[in-house]
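This report describes selected local features and the nonpolar interior of the structure shown below.

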Amino acid sequence: MAAYTFSRDIPVEENYDILVAGGGPAGSAAAVSAARLGAKVLLVEATGCLGGMSTSGMVTTFGPMGDGERTLVGGFALELIETMHERGYLGPEVTPEFWITHYNRWIPFKPEPLKRLLDEYCVDAGVEIRYFTRLIDADAEGRKVAGAIISNIEGLRYIKAKAYIDATGDAVLAAACGVPCKVAGQDWPFQPATVCSIFGGIDWDHPAYTTNRGTDAVREQVKSEYLPQANADGHFTHPDHFIAGMKKIGEVTGNLNGGHIYNLDGLSVKSLSEGMIWGRKLAVEYTEFYRKYVPGCEKIELATTSPVMGVRDTRRIVGEFELTYDHYRSGRQFPDQVAVYNRPADVHSTNSSKEEFERFIKDMHGAGKLERGKCVGIPYSILVPKDWENLWVAGRCHSSETKVHGSIRAQSAAFMMGQAAATAAVQSIATGQPACDLDTLDLVQTLREHGSYLPQQTLSRTMTRSD
């Protein structure tokens with residue numbers, strides 16, 4: 001490909017403490033948490049709302065927030081879920097037990113009011129939001145970010161801040177700075193992507209839902225009976241051996257996280273474009289599937305598909321530490337952990353074969369799954385690119401192996417990572433401690449003061465590092 005040299009003088013803005021790139025669960029939590037701690041925060045988001053996969057991606061279920069015995073989330077994440085419940089923003093069937101005592105329980109919610117709530121949190125905290133704005137490049141001096149270039153309808157701006165949080169999911173800021181990353185399709189197989197959908201016209205009062213054990217029972221029947229029958233009938237272009245099921249988010253509405261788009265490269269615009277076209281076609285196949293096979297869905301209508309591709313994995317930084325599946329299986333706790341979590345290793349099938357489906361089910365429900373009452377710690381050091389001074393990541397671009405990544409990439413974990421990265425950035429600015437050598441005892445204590453559930457008995461002023 002021929003090269004073109006691009007040179008232009010662009011305006012510089014330098015009155016911010018923290019730039020947060022990406023307004024998904026991790027970025028929203030980071031921006032609000034940092035601003036509440038007194039930082040001047042600029043949050044840039046490519047779409048027109050906050051929430052990321054929660055809203056634009058229409059993944060309208062939070063991952064499990066408890067271990068079957070107690071609530072594991074705290075701080076920002078717990079405040080959010082409790083506020084959503086108080087205001088009626090969760091699914092009609094959701095009770096506090098979903099996040100207090102239930103084990104591996106996904107929590108459905110309504111995406112539209114979540115957009116407004118995240119707006120409200122940011123405005124009240126004093127966060128400056130720039131929607132329709134992308135981070136497109138960055139400037140690094142050694143292992144320190146000097147500035148970042150953003151782009152929107154007004155043109156380009158060079159943003160100088162004291163600290164930077166990459167919550168893009170794709171490690172866009174980290175990669176632009178030259179941080180070493182591991183990449184899907186090169187270091188591990190692509191996970192499939194999904195275009196989620198919202199449906200109307202569902203009869204949730206149908207006897208199938210009211211006379212059995214409720215919507216959960218019907219979802220299980222979809223997996224065990226209706227889906228195999230549709231596959232046998234040749235209904236789908238590609239056989240589907242797993243479907244999360246229709247989640248009730250309103251009195252006649254549901255959300256479907258269903259349909260796999262295989263071999264999609266989330267770092268290729270060509271692949272993403274072709275995937276969106278195919279995902280919208282798949283949504284029609286699932287509409288017809290539910291209408292034909294599933295009781296209560298005879299009058300189902302496809303209301304909309306997500307405008308953003310549901311990509312599960314792209315880049316992950318090489319961090320100060322890499323969390324592994326062995327750590328997960330043993331329920332390891334760390335002195336510098338900034339969150340704890342219990343969710344199955346949700347690494348989707350990489351193709352439509354029965355073998356890959358069986359591998360996926362074994363990961364989700366096999367002996368390796370964390371037991372009730374246990375959790376794995378998420379150490380601070382997986383949020384820090386190795387040796388970097390003023391750069392953190394939060395969300396799915398953290399440093400972990402594939403199977404444990406499949407557990408902790410979920411939205412509820414991302415909220416906690418965002419709060420932790422923000423708290424660390426504020427501490428770094430106040431003390432001069434670099435991200436790669438932060439006093440993690442002070443960090444954990446500050447997070448606890450702001451509601452985080454961090455049960456480790458041993459603390460350390462130095463982070464957990466790779467051998």
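## Hairpin, cores and a buried serine

Strand 6 and strand 7 pair in the antiparallel sense over seven bridges in this predicted model. Strand 6 covers residues 134-141, and strand 7 covers residues 144-152. Across this pairing, D139 stands opposite G147 in strand 7. The hairpin formed by strand 6 and strand 7 has two residues between the strands, and G142 takes a positive phi near 65° there.

The following table lists the elements named in this report.

| Element | Residues |
|---|---|
| Strand 6 | residues 134-141 |
| Strand 7 | residues 144-152 |
| Helix 8 | residues 269-293 |
| Helix 12 | residues 411-431 |

Turning to the interior, the largest nonpolar core holds 78 residues, of which I18, F62, I165, Y380 and W392 touch the most other members. Helix 12 gives the most to this core, with 11 residues. Apart from the largest core lies another one, of 29 residues, which includes Y209, F236, M246 and Y293.

What is I18 in contact with, leaving aside its neighbours within four places in sequence? The contacts of I18 are A34, A39, K40, V41, L42, A161, A163, I165, A425, V426 and I429.

Is S271, in helix 8, buried or exposed? S271 counts as buried because its relative accessibility is 14%, and buried means under 20%. Not counting residues up to four places away in sequence, S271 touches N263, L264 and D265.

Methods: Residues are numbered from 1 along each chain as its sequence is written. This is a predicted model: local features need pLDDT of at least 70, side-chain atom pairs count only at pLDDT 80 or more; totals for chains, interfaces and linings use all residues. Side-chain values use heavy atoms; hydrogens and water are left out. Helices (H or I, at least four residues) and strands (E, at least two) are DSSP runs, numbered from the N terminus. Buried means under 20% relative accessible area, exposed over 50%, partly exposed in between (1.4 Å probe, protein chains only). Contact means heavy atoms within 4.5 Å. Two strands pair if DSSP finds at least two bridges between them. A nonpolar core is a set of buried Ala, Val, Leu, Ile, Met, Phe, Trp, Tyr and Cys residues joined through side-chain atoms within 4.5 Å.
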